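Reader: I would like a close look at a single part of this structure, taken slowly. Please pick one sheet and walk me through how its strands sit beside one another.

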Amino acid sequence: MSRRSKIGSKGVLLGSVVVVSSLAGACSSDPAGAGGGGTNAAAGGGPATGAEGAGGAAAGAAVGSCARVNPFSKGSECKQYTGEGWTGESAHADCDASMGGPGAFTAGGVCAPASLLGRCDVATDDGTSYVLYSEGDDAAQCSMTRTGCETFAKGAFTPGPVCAGATGGGGAPTGGGYGTVPFVQPYRVCKDPVPGEPAGHGEAGQVCTWTLISGSTEVGRHYEDYAACADVLTQRPYWPAPAREATAPGDPRLEDAAYLGEIAWAKAQVEASACVCCHADRLAPSGASQWATDAEGIWLDGVRDSGLAMMAGLADSTALGAFPAEDNNGFDRSVVGVPTTDVARMKALLIAEWARRGLTDADAAKVPPFGGPLVDQLSYEPGPCKDGQGVTAGGAVTWTGGEARYVYVLEADAKNPGVPPNLDEPAGTRWFVEVPNAAPAVATGIAYGAVAGDLRQRVPASGAPAALQAGATYYLHVLKDVGFPLTRCLFTAP
Ligand code: HEC
């Protein structure tokens, strides 16, 4: 099988709308909830920061502005038509066609948001550049707003007053949320059991747990007692979203003790896993992301059909990463999407729910792989490097698009790197360096094989990487952060 199939940049998208997870983690889905609002043309695996040079574009305000509702966040936003290709007519038509419903177009208008989450400068080649101002005063919206800009609109995000505080950067495990601090790489911590719980399986009776979205603590315990949800929140975008539905009070399943036993068991499995950080009302910073293990009634009723397909393993979620069960307290998510210590039992429960909803195999086949941009990134087909990309005769590794946190030099035919814990060091990685979460990103021009400053070498585990062979082709893969590629191209070593 080819390591990278050809998929256009608008390749696989999840469910109905956008997949906001550009990030690791276990899920990703359409933020609009049920929202049919059309597809998002911008989603896909391309570089997330194409618009770095867009700065100047925002000045011209001549054509007009469009006040409208963001279909995902339901917040207000204002689009300023800045590109010289817009006419009053085309801008007005664009405003009418807004995804969240027709906006209010003002010819010659200028956006003047009262309270600004951030602005997004989107530069296009065909003169239809624009600036999107996201309004609101809830800092919990910052990460989603930023992701919407960078990943989907392919724009350059500048935080406004509301989000500026949150983007100070740096900082160890602070859990400011995705987009506010860089992705916190997985780490494993061993702790004494919380009072009242039995001894753990680790040394001296401790409980050892990975902090990563696909991590789980020991069965029967609560993830948040043993790992840092704050760090998990850096590993994919978080926002609250309403549940699919609540269990009706008279539902006969509420009288079925055997069934309720299975539901309680499955809940405990999820609650031992990092999923609970965003999928429990008591833990998620401003409410659970669509489904909550602590919902009234049967928690599984909160999961949409697409999500059920992911959980049941009917839809592929490989791109989101997984631990081997033996390194994850026995929890596996390679067959079903939700981590479990008993694959057969979990699968039986979820497949039965699929059938109870009247869904079929054919419905399952329609649910695309989970992970959105991460799915596309795994099948990305790099082209030749351009100016400023590659390794110079002097051994400098150069890339474009801005400062980076992850730099890979791979064999030309290596797989694309993906997310930790199992996809981030593909075979054929010759050299892989990163900067730790608390350190600033590095600028282009680092020396191949040298581990200077804040850089930390991941591959090879020790010692210098093999020298590049003059005339041979290699794959340069540089990320702004996990899930945010800057440069991905093939170069010939000088
Ligand atoms: C950092 C936050 C976060 C973590 C951790 C997290 N999720 Fe999610 N998850 C979300 C968000 C946000 C959504 C989208 C909610 C919406 O807009 O409807 C979501 C949605 C989902 C959905 C519904 C998808 C759909 O199309 O219906 C499933 C299923 C899911 N997550 C499974 C998991 C599993 C399994 C884990 C753990 C292995 C997990 N999530 C961990 C944030 C998170």
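Author:
**The open sheet, strand by strand**

V409 stands opposite W431 in β13. That is one point of pairing in a predicted model, and the rest of the sheet can be built outward from there. The strand that pairs with β13 here is β12, residues 406-411; the two are antiparallel and are joined over five bridges.

Strand β13 itself covers residues 429-434, and five of its six residues are buried. This strand is therefore mostly covered, since a residue counts as buried when 20 or more other C-beta atoms lie within 10 Å of its own. A general point about strands helps in reading this part: in a regular strand the side chains alternate between the two faces of the sheet.

β13 also pairs with β15, again in the antiparallel sense, and three bridges join them. In this pairing, F432 stands opposite V459 in β15.

Now for the whole sheet. It is open and has six strands, in the order β9-β17-β16-β12-β13-β15, and the pairing is mixed. The edges are held by β9 (383-384) and β15 (456-459); each has a single partner strand, so one side of each is left without a neighbour in the sheet.

Elsewhere in the order, β16 and β17 are adjacent. Strand β16 spans residues 473-481 and strand β17 spans residues 484-492; they run antiparallel and pair over eight bridges. Within this pair, L479 is found opposite P485 in β17.

Some background places the sheet in its chain. The protein chain has ten helices and 17 strands. Of its 494 residues, 50% count as buried. Contacts between residues at least 6 apart in sequence were also sorted by separation: 68% of them join residues at least 24 apart.

A helix can be set beside the sheet as a second example of burial. Seven of the eight residues of α7 (residues 305-312) are buried, so this helix is largely enclosed by the rest of the structure. The buried ones are S306, G307, L308, A309, M310, M311 and A312. They pack against α8 (343-356) and α9 (361-365). Just after α7 comes G313, with a positive phi of about 80°.

To return to the sheet: β13 has β12 as a partner over five bridges and β15 as a partner over three, while β15 stands at an edge.

Notes: Residues numbered from 1 in each chain as written. Predicted model: local features only at pLDDT ≥ 70, side-chain atom pairs only at ≥ 80, totals over all residues. Buried ≥ 20, exposed ≤ 12 C-beta atoms within 10 Å, placed from the backbone. Helix = DSSP H or I, 4+ residues; strand = E, 2+ residues; numbered from the N terminus. Contact = placed C-beta atoms within 7 Å. Pairing = 2+ DSSP bridges.
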